[in-house]
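Reader: I would like to learn how to read packing features in a protein model. Could you walk me through a few of them?

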Amino acid sequence: MTASILPGELLASLNASIQCRQLQIQQTACLLASDFPSPPTLVLHGPEATGKTLTINALLEAIDTPSAIVRSKECITTRHLLERTLIEVQKGLGDIARSVDGRCESISAFVVQLHRLLEGQKKYILVFDNIDRQREAAPTLLPALARLGQVIPDLTIIFIVTHPHPSQFHTTGIPHINFPSYTRADLLALVSASPLPLDPPP
């Protein structure tokens with residue numbers, strides 16, 4: 001199925017650069033393909049260092065869809081996160097980005113400004129990386145962000161988390177893609193693909 005969505009050479013390149021994550025690449029590519037509707041919200045989850053961020057970065061570079069990634073753990077407060085998000089979305093839109101105030105006193109103000117930025121966009125992907133590690137987050141933050149894709153047309157929100165809780169997003173029907181810990185065979189394949197030099201550099 002994925003081969004018809006991503007060109008075969010591109011898919012092979014992704015599988016070669018992100019080893020041992022072929023299934024996750026296929027699943028994510030199917031949901032984010034440019035020519036097909038995407039879910040309003042998507043969750044990528046799994047332990048640290050299992051390729052979640054690497055996979056989404058590579059896929060967003062491969063598909064022809066405007067996008068932005070917000071490093072949530074670098075933001076201290078909810079307001080900091082929301083204002084950083086607007087900045088990243090403007091960067092993702094480039095020269096066609098509209099001018100907005102940029103100050104977010106509330107979630108409602110953020111939604112209004114984000115809607116203005118994305119007005120007329122056929123599709124946009126907004127990724128919140130490590131959103132579960134965002135500091136001083138308001139308890140209503142995640143549910144509010146999870147509903148953005150339902151409020152703003154053609155917007156897909158992607159959460160990258162470690163351990164999602166069933167009631168964390170206060171909504172049902174959100175697709176989840178699991179990135180499990182690497183198996184022993186996976187680790188051997190990864191090490192073999194990037195062997196350490198026998199002689200250390202002088």
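Author: Happily; we will take a helix pair, some aromatic rings and two single residues in turn. Please keep in mind that this is a predicted model.

Reader: Let's start with helices. What describes two packed helices?

Author: Two numbers do the job: the angle between the axes of the two helices and the distance between those axes. Here, take helix H2, residues 22–32, and helix H3, residues 52–62. Their axes come within 11 Å and cross at roughly 45 degrees. H2 and H3 are therefore oblique to each other, since angles from 65 to 115 would count as roughly perpendicular and those under 35 as roughly parallel. As for handedness, H2 passes H3 in a right-handed crossing.

Reader: Which residues of H2 and H3 meet?

Author: From H2 come Ile25, Thr28, Ala29 and Leu32, and they meet Thr55, Ile56 and Leu59 of H3. Sorted by class, this contact of H2 with H3 has 5 nonpolar residues, 2 polar ones and no charged ones.

Reader: Now the rings, please. How many aromatic pairs does the structure hold?

Author: To read a ring pair, look at the spacing of the centres and the angle between the planes. The structure holds 2 aromatic pairs. In one of them, Phe159 and Phe169 are stacked, with 5.1 Å from centre to centre and 10 degrees between the planes. Phe159 lies in strand E4 (residues 155–161) and Phe169 in the loop between E4 and strand E5 (176–178), so the pair ties together parts that are 10 residues apart in sequence. Phe159 and Phe169 are both buried. Ring pairs also link Phe128 with Phe159 and Phe169 into a cluster.

Reader: Is His45 buried or exposed?

Author: For a single residue, compare the relative accessibility with the cut-off. His45 has 15% relative accessibility and counts as buried, because buried means under 20%. His45 is placed in strand E1, residues 41–45. Not counting residues up to four places away in sequence, His45 touches Lys52, Val161, Thr162, Pro164, His176, Ile177, Asn178 and Phe179.

Reader: And Glu83: where is its place, and which residues is Glu83 in contact with, leaving aside its neighbours within four places in sequence?

Author: A contact list shows what a residue meets beyond its own stretch of chain. Glu83 sits in helix H4, residues 78–93. With neighbours within four places in sequence left aside, Glu83 is in contact with Gly102, Arg103 and Cys104. You can also check a C-alpha separation: Glu83 and Glu105 are 22 residues apart along the chain, and their C-alpha atoms are separated by 9.4 Å.

Terms used. Residues are numbered from 1 along each chain as its sequence is written. This is a predicted model: local features need pLDDT of at least 70, side-chain atom pairs count only at pLDDT 80 or more; totals for chains, interfaces and linings use all residues. Side-chain values use heavy atoms; hydrogens and water are left out. Axes are lines fitted to C-alpha atoms, for helices over the stretch in contact, and angles run from 0 to 180 degrees between N-to-C directions. Helices (H or I, at least four residues) and strands (E, at least two) are DSSP runs, numbered from the N terminus. Angles under 35 degrees count as roughly parallel, over 145 as roughly antiparallel, 65 to 115 as roughly perpendicular and the rest as oblique. A crossing is left-handed if the near helix is turned anticlockwise from the far one by less than a right angle, and right-handed if clockwise. Contact means heavy atoms within 4.5 Å. Ala, Val, Leu, Ile, Met, Phe, Trp, Tyr, Cys and Pro count as nonpolar, Asp, Glu, Lys and Arg as charged, and the others, Gly among them, as polar. Rings of Phe, Tyr and Trp (its six-membered ring) pair if their centres lie within 6.5 Å; planes under 30 degrees apart count as stacked, over 60 as edge-to-face and the rest as tilted. Buried means under 20% relative accessible area, exposed over 50%, partly exposed in between (1.4 Å probe, protein chains only).
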